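Q: Hi! Could you walk me through the empty spaces and the helix packing in this one?

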Amino acid sequence: MKSIGFVDYYISEWHANNYPVWFKEICEQTGEEFQVKYAWAEEYVSPVDGRNTDEWCKEFGVEKCENLQDLCEKADYILVLAPSNPEKHLGYAKEVLKYKKNTYIDKTFAPDYQTAKEIFDIAEQCGTKFFSSSALRYGTELDEMLGAQAVITTGGGGNMPEYIIHQIEMAVKVIGEKAKKVRVEKQGDNQYIIRVAFENRKQATMAYACGYGFSVCAEKPNGETVNKPIVSDTFNSLLKDILRFYKTGEVSFDSKQTLEAMKIRETVIKGQEVLGEWIEL
């Protein structure tokens, strides 16, 4: 049985509370032998529900590590969480990636492009395989839209700076080009319209509003339009890909798209301060 170690800022949060069960279900279905066996969290008590690390570990049958180094030494593979605290990922990566164990870092990957680039540089210097992705990349609905000339995404979440990464990930995957500039507009108190101009005259529009749920409308180069809600089991597909990656060390997509997504996200956040203006990337 291969062991997975969870690294988190505080362990009792949505991802950590669901991933162990989903990994177990996948392994039961596929015959894979992986287990979430170790966990370490920087903060002992979760601000989400007040549960502490010992309580979480007891519920999930996981061994608590007293420090990050202990976890890195014990675990066969590492999964860095802290999805709502991307500013923590660089510090964790500096320690974790030294151990040369295949690592997944959850979204939101980094607070800005420069930090994201630094994490990739550290991994390269250490010779460690890793990747990061939003689960929305794995929506099977996107497969027939690849290479689209234009795309419109809709979606939401608890707050725009954190949850817009899902729509950005979808747009970057579907468009498949480098972004050139970004414009952010706002309507009401919590709704945003985000325009992204890509190379080769490709475009994406992202509509963000509160509430969770996503859809994509893509215009193919031949003029055909495909419009679909994302209803496929994206997290199941993501976790299956993480386990495949742990075994092979091969990322299933070009990691340059992760850096592209982070560059766009950073610019979107800046765009909140200059609404209606194009910002060059």
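Q: Let's start with the largest pocket. How does its lining divide by class?
A: Happy to. Keep in mind that this is a predicted model. The lining of the largest pocket has 6 charged, 5 nonpolar and 2 polar residues.

Q: What volume does that pocket have?
A: The largest pocket comes to about 300 Å³.

Q: And which residues lie closest to its centre?
A: Those are Lys178, Lys256, Gln257, Leu259 and Glu260, out of the 13 residues that line the largest pocket.

Q: Which element supplies the largest share of that lining?
A: That would be H8, with 5 residues in the lining of the largest pocket.

Q: OK, what about cavities? How many of 30 Å³ or more turn up in the whole structure?
A: The search finds 1 cavity of 30 Å³ or more. The largest cavity holds about 50 Å³ of space.

Q: Which residues line it?
A: The lining of the largest cavity is made up of Lys107, Phe109, Ser132, Ser133, Ser134, Ile165, Glu169, Thr258, Ala261 and Met262. By class, that lining has 4 nonpolar, 4 polar and 2 charged residues.

Q: Which helices each supply at least two of those residues?
A: Helix H6 (160-175) and H8 do. H8 gives the most to the lining of this cavity, with 3 residues.

Q: Now the packing. At what angle do H5 and H8 pack?
A: Helix H5 (residues 113-126) and helix H8 (residues 256-271) pack at about 160°, and their axes are 8 Å apart. The angle is therefore one that makes H5 roughly antiparallel to H8.

Q: Right-handed or left-handed crossing?
A: Right-handed, as H5 passes H8. On the H5 side, Tyr113, Gln114, Ala116, Lys117 and Phe120 make the contact, while H8 brings Thr258, Leu259, Met262, Lys263 and Glu266. The residues of this contact of H5 with H8 divide into 5 nonpolar, 3 charged and 2 polar.

Q: Switching helices: how do the axes of H1 and H7 cross?
A: Helix H1 (residues 14-30) and helix H7 (residues 234-248) have axes that cross at roughly 70° and come within 10 Å. So H1 is roughly perpendicular to H7.

Q: Which residues make that contact?
A: From H1 there are Trp14, His15, Tyr19, Trp22, Phe23, Ile26 and Cys27, and from H7 Phe235, Asn236, Leu238, Leu239, Lys240, Ile242 and Leu243.

Q: And how many of them are nonpolar?
A: The contact of H1 with H7 has 11 nonpolar residues, along with 2 polar and 1 charged.

Definitions and conventions
Residues are numbered from 1 along each chain as its sequence is written. This is a predicted model: local features need pLDDT of at least 70, side-chain atom pairs count only at pLDDT 80 or more; totals for chains, interfaces and linings use all residues. Side-chain values use heavy atoms; hydrogens and water are left out. Axes are lines fitted to C-alpha atoms, for helices over the stretch in contact, and angles run from 0 to 180 degrees between N-to-C directions. Helices (H or I, at least four residues) and strands (E, at least two) are DSSP runs, numbered from the N terminus. Angles under 35 degrees count as roughly parallel, over 145 as roughly antiparallel, 65 to 115 as roughly perpendicular and the rest as oblique. A crossing is left-handed if the near helix is turned anticlockwise from the far one by less than a right angle, and right-handed if clockwise. Contact means heavy atoms within 4.5 Å. Ala, Val, Leu, Ile, Met, Phe, Trp, Tyr, Cys and Pro count as nonpolar, Asp, Glu, Lys and Arg as charged, and the others, Gly among them, as polar. On a 1 Å grid over the protein atoms alone, a cavity is a set of points where a 1.4 Å probe fits but cannot get out, and a pocket is an open set with protein on both sides within 12 Å along at least five of seven lines; lining residues have an atom within 4 Å of a point. Grid points are joined across faces, edges and corners, and a volume is the space filled by probe spheres set on the points.
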